[in-house]
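Grab a viewer and a distance tool, and work through these short exercises. Each one sets a task, then walks through a solution step by step.

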Amino acid sequence: MGNNNIHCCGVCKQMRTEGILLFGFYICHECEQEIVATNPSDASYQYYVEKLRSINQSSYTI
């Protein structure tokens with residue numbers, strides 16, 4: 001019996017069962033919460049910006 005609800009998070013690269021799909025890019029619940037709580041002055045903020053920017057570039061390619 002397989003579980004089709006397991007996805008690889010595009011941010012942390014962990015296999016997770018809970019998260020969101022954003023233009024085909026899966027973000028696990030844990031990373032979603034980290035992204036929402038990250039202050040722009042935090043060191044990890046730029047990392048999240050780059051990950052989310054990659055969604056933008058792959059979603060609007062013509």
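**Exercise 1. Work out how E3 and E4 pair, and what sits in the turn between them.**

Solution.
- Start with direction: in this predicted model, E3 and E4 run antiparallel to each other, paired over four bridges.
- Next, match up residues. Leu-21 has Tyr-26 of E4 as its bridge partner, and Ile-20 stands opposite Ile-27 in E4.
- Now look at the connection. The two strands make a hairpin with two residues between them.
- Phe-23 is in that turn and has a positive phi, about 55 degrees. The strands on either side of its loop are E3 (19–22) and E4 (25–28).

**Exercise 2. Decide which faces of E4 are covered.**

Solution.
- Take one side first: Phe-25 and Ile-27 are both buried there.
- Flip to the other side, and you find Tyr-26 and Cys-28, buried as well. So E4 is covered on both faces, because buried means under 20% relative accessible area.
- For context, buried residues make up 19% of the 62 residues in the chain.

**Exercise 3. Classify Phe-23 as buried or exposed, then find the nonpolar surface patch it helps make.**

Solution.
- Phe-23 has a relative accessible area of 58%. The cut-off for exposed is over 50%, so Phe-23 counts as exposed.
- The patch that includes Phe-23 also takes in Ile-20, Leu-22 and Leu-52.
- Together these residues make a nonpolar surface of about 330 Å².

**Exercise 4. Lay out the elements of the chain in order.**

Solution.
- Count by type: the chain has four strands and two helices.
- Read from the N terminus, and the order is β-β-β-β-α-α.

**Exercise 5. Find the salt bridges and say what each one connects.**

Solution.
- The general idea is that side chains of opposite charge can pair when their charged atoms come close.
- Here the count is two salt bridges.
- One joins the side chains of Glu-30 and Arg-16, at 3.9 Å from N to O. Glu-30 is in helix H1 (residues 29–37) and Arg-16 in strand E2 (residues 15–16), so this pair ties together parts that are 14 residues apart in sequence.
- Check how open that pair is. Glu-30 is partly exposed at 41% relative accessible area, and Arg-16 is partly exposed at 26%.
- The other joins Arg-53 and Glu-50, with an N to O distance of 2.9 Å. Both partners lie in helix H2 (residues 45–59), three residues apart, which is about one turn of the helix.
- On accessibility, Arg-53 comes out at 40%, partly exposed, and Glu-50 is partly exposed at 40%.

**Exercise 6. Track down the polar contacts of Gln-46 and Thr-38.**

Solution.
- Begin in helix H2, where Gln-46 lies. The side chain of Gln-46 makes a polar contact with the side chain of Glu-50 at 2.9 Å.
- Glu-50 therefore turns up twice, because it also takes part in the salt bridge with Arg-53.
- Gln-46 is partly exposed, with a relative accessible area of 43%.
- Then move to the loop between H1 and H2, where you'll find Thr-38. Its side chain reaches the backbone oxygen of Glu-34 at 2.4 Å.
- Thr-38 is buried, with a relative accessible area of 10%.

**Exercise 7. Describe the geometry of the aromatic pair.**

Solution.
- Two numbers do the job: a pair of aromatic rings is described by the distance of the centres and the angle of the planes.
- The count comes to one aromatic pair, formed by Tyr-47 and Tyr-48.
- Their centres are 5.6 Å apart, and the planes meet at 65 degrees. An angle over 60 degrees counts as edge-to-face, so that is the label for this pair.
- Finish with accessibility: which of the two is buried, and which is partly exposed? Tyr-48 is buried at 11% relative accessible area, whereas Tyr-47 is partly exposed at 42%.

Technical notes. Residues numbered from 1 in each chain as written. Predicted model: local features only at pLDDT ≥ 70, side-chain atom pairs only at ≥ 80, totals over all residues. Heavy atoms only, no water. Patch = residues over 30% accessible without salt bridge, like charges linked within 9 Å, V, L, I, M, F, W, Y side chains within 5 Å. Areas by Shrake-Rupley, 256 points an atom, 1.4 Å probe, with all protein chains shown as cover. Salt bridge = Lys/Arg side-chain N within 4 Å of Asp/Glu carboxyl O. Buried < 20%, exposed > 50% of the residue type's maximum accessible area, 1.4 Å probe, protein only. Phe/Tyr/Trp six-rings, centres within 6.5 Å; stacked < 30°, edge-to-face > 60°. Pairing = 2+ DSSP bridges. Polar contact = N/O pair within 3.5 Å; in protein donor to acceptor, adjacent residues only side chain to side chain.
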